[in-house]
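Visitor: Please take a close look at one part of this model: the loops where the backbone does something unusual. Then set that part in the context of the whole chain.

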Amino acid sequence: MKIIVVGAGKVGYSVAQRLVQDEHDVYIIEKSAERIRNLENSLDVSLVQGNGSSLQLLKEIGMDDVGMLIAVTDSDEVNMLACSVAKIGGIPRTIARVRDNDYLREENRELQEQLGVDLFINPEMVSAQEIVQVLQTPAALDVEDFASGAVRLMEFKMHEDVPYINQRLRDIQFPEGVIIVGILRNGEMIIPHGESRLLNMDKVFFLGAKDAILKIAEEFHEEAMMEQTKRILLIGAGLIGRNLAVLLDRAGYMVKVIEKDMERCELLASMVENAMVINGDGTDMNLLEAEEISDCDAIICLTDDDKLNLLVALLGKHLGVPKTIVRVGRPEYIVLMEQVGIDIVFSPRLLTSGEILRMVRRGENVVSISTFEGSKAEAVEVVLSPVSPLVGCALKDLKLPGKALVGAVVRDGSTIVPTGNTVLFANDHIVFFTLPNHVNKLLTYLKPV
């Protein structure tokens, strides 16, 4: 597909990089000559210097065969205008990055439709929602639901107390309705088989019926399941911090926020009802001890400084905080931070590009696509149409391209963990787990002949 990306900042670069990996024909429009020069030797894309909201410029690129425009500049207004102009010019699908929540309110739904934007994406809200979901399942590093909640995928870190440690998968009796679909070891994603073993510090991806997955969670952290995470300390009240504080406050969590900037403190204080907002330095050991940080269930570091976030999280660990969550601007730091003991590291840039990619890839029968561990693996949910080449086939007879695994089948509301003899029927919801560079081949394989 020919896709235009407006804006070559960090998000624009990540989005374009992922689209190139999926073999799309990508055009990047960027005003800054310096950014254009920086991209010339790093991405296999067509670069155009100019205004992405210019109809004339879009016409020069050629809009007849463009399937989508993605506007991710630093300006909400430019992004929305670029999408509106693209729709006027005949581009069928548009995505706009919008950070101001006022544009996204339900009462503005009619305005959103008139603007011609098919998807509004707020990176800071996406990040905040992701964190809330993880906090709601204390033992898990990541959680995703499929098939309207019938299927859940949860990521856990192996430790010596887990009964599955050092065993072959074929020898383990998991709860009925559960399968392991991926193992992340030393930064490499493994699609497992019966001889695969679970080692200490592995990150393991379990997929299956929701109730069965919750039984697995109890094996990893019984105390966490019995005593839910409730006391949260946030470091930083930027856009992510404010969105997260509001969500946690509404959900009934006990929230403290430490922020150096008084103006940000005052703004956040006006947005929450019960959360405590403290004007101070999150690296101040005396302040952290005075605020009894050791009594918190989790510390979440959200400043724009990666090194500061790491330092504060390690201070939190030193003072006894059970769970540390850190935001990074540079995705290459994720593995390093995890190696020094940070529990969860996330990149708003990667989360945003993953959300955008979901819409790009979503076809007639593709329900959702989720990415994990900085795009090291992906889960794809599809609905089999009556003319799908998979209908009537047993899984053992399928020759799935690349490394792909069928993790779950949902049929008439029931979740099936499949075996080689499982036969697929029309209208089945299938959840595949695969590597990113195999997704396109998988989607092509699933298309009717």
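Guide: Strands here are DSSP runs of E with at least two residues, numbered from the N terminus. With that in hand, Met201 can be placed: it sits in the loop between strand E10 (188-190) and strand E11 (203-209). The model is predicted. Met201 is not a glycine, yet its phi is positive, at about 80°. Most residues other than glycine have a negative phi.

Ser148 offers a second case. Its phi is near 55°, again a positive value in a residue other than glycine. The loop that holds Ser148 runs between strand E7 (142-146) and strand E8 (151-157). Buried or exposed? Ser148 counts as exposed because its relative accessibility is 85%, and the cut-off for exposed is over 50%.

Now the wider setting. The protein has 15 helices and 22 strands. Its C-alpha atoms fill a box of roughly 60 × 60 × 45 Å along the principal axes. The radius of gyration is 23 Å; a compact globule of 449 residues would have one near 22 Å, so the two agree. Buried residues make up 55% of the 449. Among contacts with a separation of 6 or more, 62% join residues 24 or more positions apart.

Last, surface and charge. The protein exposes about 20,300 Å², with carbon and sulfur atoms supplying 47% of that area. There are 45 positive and 66 negative charges, and their mean positions are 5 Å apart.

Note on methods: Residues are numbered from 1 along each chain as its sequence is written. This is a predicted model: local features need pLDDT of at least 70, side-chain atom pairs count only at pLDDT 80 or more; totals for chains, interfaces and linings use all residues. Side-chain values use heavy atoms; hydrogens and water are left out. Helices (H or I, at least four residues) and strands (E, at least two) are DSSP runs, numbered from the N terminus. The radius of gyration is taken over C-alpha atoms; the globule rule is 2.2 Å times the number of residues to the power 0.38. Buried means under 20% relative accessible area, exposed over 50%, partly exposed in between (1.4 Å probe, protein chains only). Contact means heavy atoms within 4.5 Å. Accessible areas come from the Shrake-Rupley method with a 1.4 Å probe; for residues, only the protein chains shown count as cover. Lys and Arg count as positive and Asp and Glu as negative; His and the chain ends are not counted. The place of a charge is taken as NZ of Lys, CZ of Arg, CG of Asp or CD of Glu.
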